[in-house]
Amino acid sequence: MANKLNLTLKVWRQDNAADGGRFETYPARGIDEDMSFLEMLDVVNEELIEDGKEPIAFDSDCREGICGTCSLVINGIPHGGRKGTTACQLHMRNFKDGQTISIEPWRARAFPVIRDLIVDRSAFDRIIQVGGFVSVRTGGTPDANSMPISKEVSDKAMDAAQCIGCGACVAACKNGSAMLFVAAKVSHLNLLPQGKPEKTRRAERMVWKMDEEGFGGCSVTGSCEAVCPKEISLDFIAKLNRDFALSVFK
Amino acid sequence: MKLITGIFQSTLGRKYIMAVSGAALVFFVVGHLMGNLQIFLGREVINAYGEFLHSVPELLWGARIGLLAMVGLHIWSAVSLSNDNKAARPIAYENWNPTAASYASRTMLMSGLIIATFIIYHLLHYTLQVPGINFTGQDFGTFEELRAGHDPRHDVYRMMVVGFSQPLVALFYICAIGLLCLHLSHGVSAAFQSLGLKSKTWAPILDKGAKVFAIVVFVGYASIPTAVLLGLGKEVMK
Amino acid sequence: MSLNSNIPSGPLAQKWDQHKFDLKLVNPANKRKFEVIVVGSGLAGASSAATLAELGYRVKCFCYQDSPRRAHSIAAQGGINAAKNYQNDGDSVYRLFYDTIKGGDFRSREANVYRLAQVSVNIIDQCVAQGVPFAREYGGLLDNRSFGGAQVSRTFYARGQTGQQLLLGAYSALSRQIGLGTVQMYPRTEMLDLVIVDGHAKGIITRDLTNGKIERHAADAVILATGGYGNVFFLSTNAVGCNVTASYRAHKRGAFFANPCYTQIHPTCIPVSGDHQSKLTLMSESLRNDGRVWVPKKKEDCRKRAADIAEADRDYYLERKYPSFGNLAPRDISSRAAKEVCDEGRGVGPSGLGVYLDFGDAIKRLGENKIRERYGNLFDMYECITGENAYRQPMRIFPAVHYTMGGLWVDYHLMSNLPGLFVLGEANFSDHGANRLGASALMQGLADGYFVIPYTIANYFATSKQKCPSTDHPSFKQAEENVTGIASRLLGIKGKRTVRSFHRELGKLVWEKCGMARSKESLEAALKRIPELREEFWQNVNVPGSGQSLNQSLEYAGRVADFMEFAELLCTDALNRDESCGGHFRVEHQTEDGEALRHDDKFAHVSAWEFKGVGNKPELHKEELVYENVHMSTRSYK
C-alpha cells in the first residue's frame with residue numbers, strides 16, 4: 001500500500017483580476033503518494049466544497065504533461081522543480097510527510113491573474129499571431145519528400161518545437177522574460193527550410209510583439225531552461241539573438 | 001530608422017549594446033591590468049609606461065572619451081533594461097526559489113553599480129589625483145621621478161605604492177575587484193549569448209572560461225595592493 | 001424520417017473527385033458574406049477554421065481551453081497514417097482504405113473511408129509545408145513506423161508527440177488567420193446551446209468562462225469539432241475538460257447521435273493506482289512495436305517480481321493467439337485479451353489489473369540507447385507516474401477508454417441531419433466504424449478540416465437560401481433562457497455531494513456495465529441505475545459560487561449533467577446492438593475462441609438516435625451500410 005502524507009498548503013487566493021489577493025492555509029490530510037499534485041488539489045477542493053467553501057481555481061487539462069495548461073509555482077519553482085516535469089506529472093512521492101507547500105500563480109505583468117491560480121496567457125497566442133507560422137495556405141503544397149531535410153536539422157527543430165507553451169519560463173525568470181518561449185518558436189521554424197523565406201521577418205515581428213506585451217529582457221540566468229518541462233535549451237535564445245540581429249542589420 | 005529603434009528600443013537590441021560595450025570594457029580591464037602589473041618590473045618600467053601613455057594626448061583623450069562612452073552605454077542599457085524587467089514582474093513571489101540562476105547573474109545590476117561607484121573613486125584617486133581622498137595626507141600630483149639627463153616624469157610607481165599603503169583604500173580596491181570578478185564571471189559568457197555567439201558545444205567552455213578569466217583578473221589586480229601591503233616598494237615610502 | 005447519406009454514385013475511386021466537381025461553389029467575392037462558427041480548436045476545428053478563413057469566409061472559433069493550442073489532439077503520441085507508400089512495402093490508397101474498413105469491423109461507410117485514405121497523402125504534404133518536424137532518416141527523407149492493425153509502415157511521427165506537432169501546425173495556420181483578422185478567436189468560451197432557425201443551425205449560445213457572460217453568436221453555418229465523449233467513463237485518457245456538452249446539446253436540438261456504443265478501449269495505458277485518480281495516461285501503441293506483452297502462466301506467480309518468473313512460465317498471449325499480428329493486434333482485440341487474462345486471475349501489479357509490456361528482448365537485441373531514442377519520453381513518463389524504471393523491469397499496462405467512434409450522425413458532406421450543422425473529427429461518427437486503428441484519428445481530424453469541409457460547406461451555402469439571422473430572433477432568446485435556466489438550477493440545488501463524486505459514480509457504473517464487455521443484464525442494470533443517479537444529481541449536487549464569475553464547479557456540473565443523460569443513450573445503443581463488433585463487445589455474441597461475433601444480417605447499419613425528451617427512449621433511425629467493394633469477412637488477425 002502506498003504511503004500517506006499529511007501536508008499544509010499555503011495557497012494564493014484571489015477572487016478576480018481586481019481583487020488584491022491573499023494567502024490562505026489549508027490542511028491536506030491522508031494524501032496518497034501515488035497521487036499527482038493536481039489530484040492532491042482535487043482532494044483538497046472536494047473537502048472545501050463539502051465544508052461549504054469555494055474550491056481553489058487552478059488550470060489543468062490533459063494531466064499528462066503535454067497540453068501546457070497547468071501553471072503552479074510550487075515552493076517557489078514553476079511546476080515544482082522535478083526535472084522535465086509539469087505540475088500535473090509531479091507526484092506526491094516527491095514530497096515529505098509534514099511538509100508545508102506554498103502554491104502561487106505564474107507572476108508576470110503579461111500574465112494577469114484571472115482567479116486564484118489561473119492566469120491569462122493569451123500574450124503567447126498574440127506573439128504567435130504575428131509570425132509563429134509558415135505562410136502557406138491549405139492545398140497546393142509540394143510532395144512531402146520533395147525537400148530532403150537532414151536528420152540533424154530536423155531533430156534540432158523538433159527540440160525547439162517541443163515547447164508546450166506553458167509559460168514556466170516566464171514564471172521562473174526574475175525578469176518575467178518570454179525569451180525561451182519566443183526563441184523556441186522562432187527557432188523551430190527558422191531552422192527548417194520551409195521557414196527560411198520568412199526567417200528575419202518572423203524574428204523581428206515576434207520579438208517586437210514580445211516586448212510590446214510587457215515581458216522583460218533576458219539576463220541569461222538560465223532559470224527558464226532549468227524549469228522548462230520540455231528542457232528546451234538556452235541555445236535557442238542565442239539563435240534568436242542572431243536572427244533578430246540579422247533583421248536589424250539587414 | 002529600423003536600425004536605431006532595433007538597437008536602442010528592443011530588449012534584444014539593448015542587450016547587444018550591453019554586450020558590445022561590456023566587451024570593450026573587458027578589453028580595457030585586461031589592458032589596464034597588463035599596464036599595472038608592470039609595477040612588479042620596477043619603478044623604471046612602470047614610470048616609462050606611464051610616460052608613454054601620456055605621450056600622445058590626442059590618443060589618450062580619444063581612448064578616455066571612448067571608454068567613458070562605453071561605460072555610459074553599459075550603464076544606460078543596464079538601467080533601462082532593469083526598469084523594464086522590474087515592471088515585468090509587478091508582484092513578487094512570496095516564496096522564491098531561484099533554481100539555476102546563479103548569485104552573480106541575479107546581482108548584475110547591484111555589482112555593476114558598486115563597481116561604477118568604485119570607478120568614480122578610482123578616477124579621483126589616481127587619474128585626477130584629488131589629494132583629499134587618498135587618506136595619506138600626500139598629493140600624488142607632486143610625485144616626480146628625477147632622472148639625470150632627462151626631464152622629471154610622473155612617479156606612477158610611488159603613487160601606487162603610497163596609495164595602496166593605506167589599508168582601507170587597499171581593502172576597498174580589493175573588494176571592488178572582487179565584485180568585478182563576480183560581474184565578469186556571468187557577464188563575459190552572457191555577452192556571447194546576447195550576441196548569439198554561443199552554442200551547445202561552446203556553452204560549457206564559455207561558461208567555465210568566463211569564470212577562469214574572472215579569477216585571473218581578480219588575482220592580477222588584487223596582487224598589487226596585496227604586494228604593497230606586504231612591503232613592495234617600501235623604499236619610496238619616505 | 002429517412003437518413004440520406006448523400007454518397008455520390010460512380011466507382012469508389014472516382015466518387016470524391018467527381019463529387020468535388022459536382023459540388024456548387026461560392027465565388028471568391030461572395031465568400032466574405034458568409035459567417036461560419038467553429039466550435040473546438042483541435043485538429044479538426046483549427047484546420048477547418050484556418051482553411052475556411054484562407055478561402056475568404058468570416059470565421060469565429062471557440063474553445064474552452066485558454067488557448068486553441070491546448071485542445072486534446074495535442075496528447076496524441078504515436079503518429080498519423082498516410083498512404084504514401086514511401087517504404088515501398090505494398091501500401092496504397094486502397095490498402096489504407098481496406099485496413100481501415102476492416103479495422104472498423106465493417107461498420108463504416110465505404111465512400112467516406114476511401115476519401116479519407118485518398119486525402120491522407122495531402123495531409124502529410126500540408127503538414128510538412130507548415131513546418132511540422134516529422135521524424136526523418138539520415139538521407140533527409142521522412143521516416144515511418146508501423147502501427148496496430150496494419151502490415152505496412154505508413155505511420156508518420158514526430159517523436160512521441162505527433163499530436164502536439166500536428167496541432168501546432170494547424171494552430172499556426174489558425175493564428176496566422178487570427179493575426180490577419182479573418183478569424184475571431186474566443187478562448188475560454190464554452191458552447192452551451194445550438195440555435196435552430198427555420199430548421200437550420202444558425203448560431204450558438206456561449207458562456208465566457210472567465211466572467212460568466214452569456215453571449216449569442218449567429219452565423220450561416222455551425223461546425224462542431226468538439227471531440228469525443230470518453231469522459232462519460234470518468235476515467236479515460238481524455239483531458240479532464242473533454243466533454244460531450246456541445247454535441248449532446250446539439251442532439252437535444254434535433255441532431256441524431258450515431259453509434260454511441262462504439263467506444264475504444266486502448267490496450268496500453270498505465271494501470272489505475274487508486275480512487276483519487278483523475279485520469280488515465282496512455283502509453284503510445286507504438287511501444288508494441290518493440291515491447292512484448294505477457295502475464296504469468298500460473299496465478300501463483302502474479303505476486304512474484306517479473307524477473308523471478310522463468311521464461312517458460314510466461315504467457316505471451318498475444319503472440320500465442322495471433323501469430324501473424326502478435327503484439328500489434330488491433331486495439332479492441334488486445335484490450336479484450338488483457339481483460340481475459342486478468343479475469344482469469346493472472347493480472348499483475350497491486351490491483352491485479354495489469355499485464356506486462358516487456359522491453360527486455362528489444363533492449364538485448366537493439367541496445368538500451370536505441371530503445372531510449374525511440375521511446376525515451378514514454379519511458380520517462382512511465383517512471384514519472386509510477387516511480388518504476390522500465391529499462392530495468394517490464395512496464396505494467398492495462399486498457400483504458402481512449403477514443404469514441406460514435407458521434408453525431410453526418411452525411412458524406414459531414415453535415416448532420418440538421419442543415420447547416422457540420423460535425424468534424426472525433427465528434428462525428430463517420431470513418432472508423434466500430435473500432436479505430438492507431439494513427440487514424442489525427443488523419444481523420446485533419447482530413448475533415450483541411451480537405452473535406454471547404455468543399456462541402458460551399459455547396460451548402462450555394463444551395464441553401466437560409467440567411468444568417470439576427471441574434472434578436474426568438475430562437476436565440478429561447479436558447480439563451482435555456483442556458484441561463486440550467487445554470488441557475490444547478491447553482492440553486494445546494495445539496496451535499498460534489499459534482500466529482502457524481503461523475504466518479506456514473507463513470508464507474510458505465511465502465512462496469514458498458515465497458516470492455518457488455519451484456520443484456522449489465523446494460524439493463526445500468527439503464528435502471530442511471531436515471532436514479534441523475535435524479536439524485538439534480539436533487540443533491542453541491543455547486544458553490546455564482547454564475548457571474550470564473551466558476552469551475554459550475555462548468556463541470558453542466559458537463560456532468562449532460563453525461564448523466566448521455567450515459568443512458570450510450571447504454572440504450574449498446575443494448576440495442578445485439579451483436580459484437582469492434583469496440584462493442586456483447587458477451588452473448590462471441591466465437592468459441594472468444595472473438596467478437598458480428599451479425600451482418602441484422603446490424604450492418606448505422607444506429608442514429610433522435611432525442612425524444614429526457615428519460616424517454618430515443619427514436620432509432622437506421623442507415624444501412626452497403627458494401628460494394630469489400631467483402632464483409634470475419635476479422636482475423638491470427
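This is a short talk about how chain A sits against its two partner chains in a predicted model.

Okay, let's start with chain A on its own. It has 250 residues, and 68% of them are buried. The secondary structure comes to 8 helices and 7 strands. Along its principal axes, the C-alpha trace spans about 60 × 40 × 35 Å. If you take the contacts in chain A with a separation of 6 or more, 70% of them are between residues 24 or more positions apart.

Now, who touches whom? There are 2 pairs of chains in contact, and chains A and C share the most contacts. Chain B and chain C have no contact joining them. Their closest C-alpha atoms lie 20 Å apart.

Let's take the A and C side. Here the contact draws on 72 residues of chain A and 77 residues of chain C. Together the two chains bury about 6100 Å², with 49% of that on carbon and sulfur atoms. On chain A, the three residues that supply more of the area buried against chain C than any other three are Asp61(A), Glu64(A) and Thr138(A), at 11%.

What about charge pairs? Between chain A and chain C the count is 7 salt bridges. One you can find on the screen is Asp143(A) with Lys84(C), at 3.0 Å from N to O. For polar contacts, the count between these two chains is 46 residue pairs, both residues at pLDDT 80 or more. As for which elements of chain A do the touching, those giving at least two residues each are α1 (37–50), β6 (113–115), β7 (118–119), α2 (122–131), α3 (151–161) and α5 (179–191). The largest share is from α3(A), with 7 residues. By class, this side of chain A has 28 nonpolar, 19 polar and 25 charged residues.

While we're here, have a look at α2(A), one of the helices on that list. Is it buried or exposed? Well, 9 of its 10 residues are buried, so α2(A) is largely enclosed by the rest of the structure. The buried ones are Ser122(A), Ala123(A), Phe124(A), Asp125(A), Ile127(A), Ile128(A), Gln129(A), Val130(A) and Gly131(A). And what covers them? The cover includes α4, α5 and α6 of chain A, and also α6 (162–180) of chain C. That means the enclosure of α2(A) comes partly from its own chain and partly from chain C.

Over to chain B. This contact takes 51 residues from chain A and 40 residues from chain B. The buried area is about 3600 Å², and carbon and sulfur atoms give 56% of that. In chain A, the residues losing the most area to chain B are Arg107(A), Val220(A) and Asn241(A), together 15% of what that side buries.

The rule finds 2 salt bridges across this interface. In one of them, Lys10(A) pairs with Glu94(B), with the closest N and O atoms 3.3 Å apart. There are 26 residue pairs in polar contact between chain A and chain B, again with both at pLDDT 80 or more. On chain A, at least two residues each come from β5 (100–105), α4 (168–172), α6 (199–212), α7 (223–227) and α8 (235–249). The largest share, 11 residues, comes from α8(A). The classes on this side are 27 nonpolar, 15 polar and 9 charged.

So, a closer look at α8(A). Of its 15 residues, 12 are buried, and the helix is mostly covered. Among them are Asp235(A), Phe236(A), Leu240(A), Phe244(A) and Val248(A). Asn241(A) is in the buried set too, and you'll remember Asn241(A) as one of the residues losing the most area to chain B. How does the length work out? At 1.5 Å a residue, the 15 residues should span 21 Å, and the end C-alpha atoms are 21 Å apart, which agrees.

One last stop, inside chain C. Where is Gly291(C)? It is in the loop between β11 (263–269) and β12 (292–296). Gly291(C) is buried, at a relative accessible area of 2%. Leaving out residues up to four places away in sequence, Gly291(C) touches Asn327(C), Leu357(C), Asp358(C) and Phe359(C). Then there's Gly360(C), which is 69 residues from Gly291(C) in sequence but 8.0 Å away in space, C-alpha to C-alpha.

That's everything I have, thanks.

Conventions
Residues are numbered from 1 along each chain as its sequence is written. Chains are lettered from A and ligands numbered from 1 in the order in which they are written. This is a predicted model: local features need pLDDT of at least 70, side-chain atom pairs count only at pLDDT 80 or more; totals for chains, interfaces and linings use all residues. Side-chain values use heavy atoms; hydrogens and water are left out. Contact means heavy atoms within 4.5 Å. Buried area is the accessible area (1.4 Å probe) that two parts lose on being put together, summed over both. A salt bridge is a side-chain nitrogen of Lys or Arg within 4 Å of a carboxyl oxygen of Asp or Glu. A polar contact is a pair of N or O atoms within 3.5 Å; within protein, one must be able to donate a hydrogen and the other to accept it, and residues adjacent in sequence count only if both atoms are side-chain atoms. Helices (H or I, at least four residues) and strands (E, at least two) are DSSP runs, numbered from the N terminus. Ala, Val, Leu, Ile, Met, Phe, Trp, Tyr, Cys and Pro count as nonpolar, Asp, Glu, Lys and Arg as charged, and the others, Gly among them, as polar. The expected span of a helix is 1.5 Å times one less than its number of residues. Buried means under 20% relative accessible area, exposed over 50%, partly exposed in between (1.4 Å probe, protein chains only).
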